[in-house]
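Welcome, and thanks for taking a look at this one with me. Below is a short briefing to read alongside the sequence and the model.

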Amino acid sequence: MLHDMPKDVRTLGADLRALRKARGLTLHDLSDALGRSVGWLSQVERDISEPSITDLRGLAKVLDVSVSSLFRVAAAAGEEGHVVRKNARRPIGNRAAGLIEELLSPDLTDDFEVVHSTFEPGAEMVAPVTRQTQELGYVVSGQMSIWIDNKRFEVGAGDSFRIRGVAYRWANPHEMPCVVIWVIAPPVY
């Protein structure tokens, strides 16, 4: 069973609890949305019970994450919670066409998360989004447009930007992908 895992290894239950809290949901709120009991959800968050694939789909939908973001690639012995290898990153994000996001953080239980985002040529977030977060982006390669609080900025390799709880959107009208390392507090994925 999962509850036999060492306490320093971050688990699906810990990630689910972090996602639930980041969305301001109580155990009762989430259990109601899923049609499951508070006791069952509490056991899942404590890794005493394992959710079925159907339960994972429901959790992903309510928490607005991809189902694949709830699965992990096993870390090498001794690396759990410390190292994320390039080929073991978890895909995350809002599944927007042209945006590929991978979690660089080992899990979602810290005060922040680090995301590797690739904005494909022509990709665009048309409708602005506002999150109650503090976010910092660092452009590793390429360039893109980002609107922060209705102000347009052109950013390129080596540039960084910050968003603090205001509306933003982005577009990559260029012919090359734009890669951004994104730090978000509190975690939202």
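Which hand does the crossing of H2 and H4 have? The crossing of these two helices is right-handed. Please keep in mind that this is a predicted model. The protein chain has four helices and nine strands, and from the N terminus on its elements run α-α-α-α-β-β-β-β-β-β-β-β-β.

**The chain as a whole**

- The protein chain has 189 residues, and 41% of them count as buried.
- If we take the contacts between residues at least 6 apart in sequence, 62% join residues at least 24 apart.

**Helix H2 against helix H4**

- Two packed helices are described by the angle between their axes and the distance between the axes.
- For helix H2 (residues 27–34) and helix H4 (residues 53–63), the angle is about 120 degrees and the axes are 10 Å apart.
- That angle makes H2 oblique to H4, as the range for roughly perpendicular runs from 65 to 115 degrees.
- On the H2 side, the contact is made by Leu 30, Ala 33 and Leu 34.
- H4 brings Gly 58, Leu 59, Val 62 and Leu 63 to this contact.
- By residue class, the contact of H2 with H4 holds six nonpolar residues, one polar residue and no charged ones.
- The polar one is Gly 58, since Gly is counted among the polar residues here.

**Helix H2 against helix H3**

- H2 also packs with helix H3 (residues 38–45), here at an angle of about 110 degrees and with the axes 9 Å apart.
- H2 and H3 are therefore roughly perpendicular to each other.
- From H2, the residues in this contact are Leu 27, His 28, Leu 30, Ser 31 and Leu 34.
- From H3, they are Val 38, Trp 40, Leu 41, Ser 42 and Glu 45.
- The contact of H2 with H3 divides into six nonpolar, three polar and one charged residue.
- Leu 30 and Leu 34 of H2 appear in the contact with H4 and also in the contact with H3.

**The six-stranded sheet**

- Six strands form an open sheet in the order E1-E2-E3-E9-E4-E7, and their pairing is antiparallel.
- Strand E1 (90–92) and strand E7 (160–164) are at the edges with a single partner strand each, so one side of each has no neighbour in the sheet.
- From one strand to the next, the twist averages 30 degrees.
- Within this sheet, strand E3 (residues 113–119) and strand E9 (residues 178–185) pair in the antiparallel sense over seven bridges.
- If you would like a pair to locate, Val 114 has Val 183 in E9 as its bridge partner.

**The three-stranded sheet**

- Another open sheet has three strands in the order E6-E5-E8, again with antiparallel pairing.
- Its edge strands are strand E6 (151–156) and strand E8 (168–171), each of which pairs on one side only.
- Neighbouring strands of this sheet are turned by 25 degrees against each other on average, direction ignored.
- Strand E5 (residues 143–148) and E8 run antiparallel and are joined by four bridges.
- Here you can look for Ser 145, whose bridge partner in E8 is Ala 171.

**Val 155 in strand E6**

- Val 155 lies in strand E6 and is buried, with a relative accessible area of 8%.
- Leaving out residues up to four places away in sequence, Val 155 touches Val 139, Gly 142, Gln 143, Met 144, Ile 146 and Phe 161.
- Ser 141 is 14 residues from Val 155 in sequence, and their C-alpha atoms are 9.9 Å apart in space.

**Backbone details worth a look**

- The loop between E5 and E6 holds Asp 149, which has a positive phi of about 55 degrees although it is not a glycine.
- Asp 149 is partly exposed, with a relative accessible area of 43%.
- Asn 150 is found in the loop between E5 and E6 as well, and its phi is also positive, near 70 degrees.
- Asn 150 is exposed, with a relative accessible area of 72%.
- The peptide bond from Ala 185 to Pro 186 is cis, with omega near -10 degrees.
- Pro 186 lies in the segment after E9.

Note on methods
Residues numbered from 1 in each chain as written. Predicted model: local features only at pLDDT ≥ 70, side-chain atom pairs only at ≥ 80, totals over all residues. Heavy atoms only, no water. Axes fitted to C-alpha atoms, helices over the stretch in contact; angles between N-to-C directions. Parallel < 35°, antiparallel > 145°, perpendicular 65-115°, else oblique. Left-handed = near helix turned anticlockwise from the far one by under 90°. Contact = heavy atoms within 4.5 Å. Pairing = 2+ DSSP bridges. Buried < 20%, exposed > 50% of the residue type's maximum accessible area, 1.4 Å probe, protein only.
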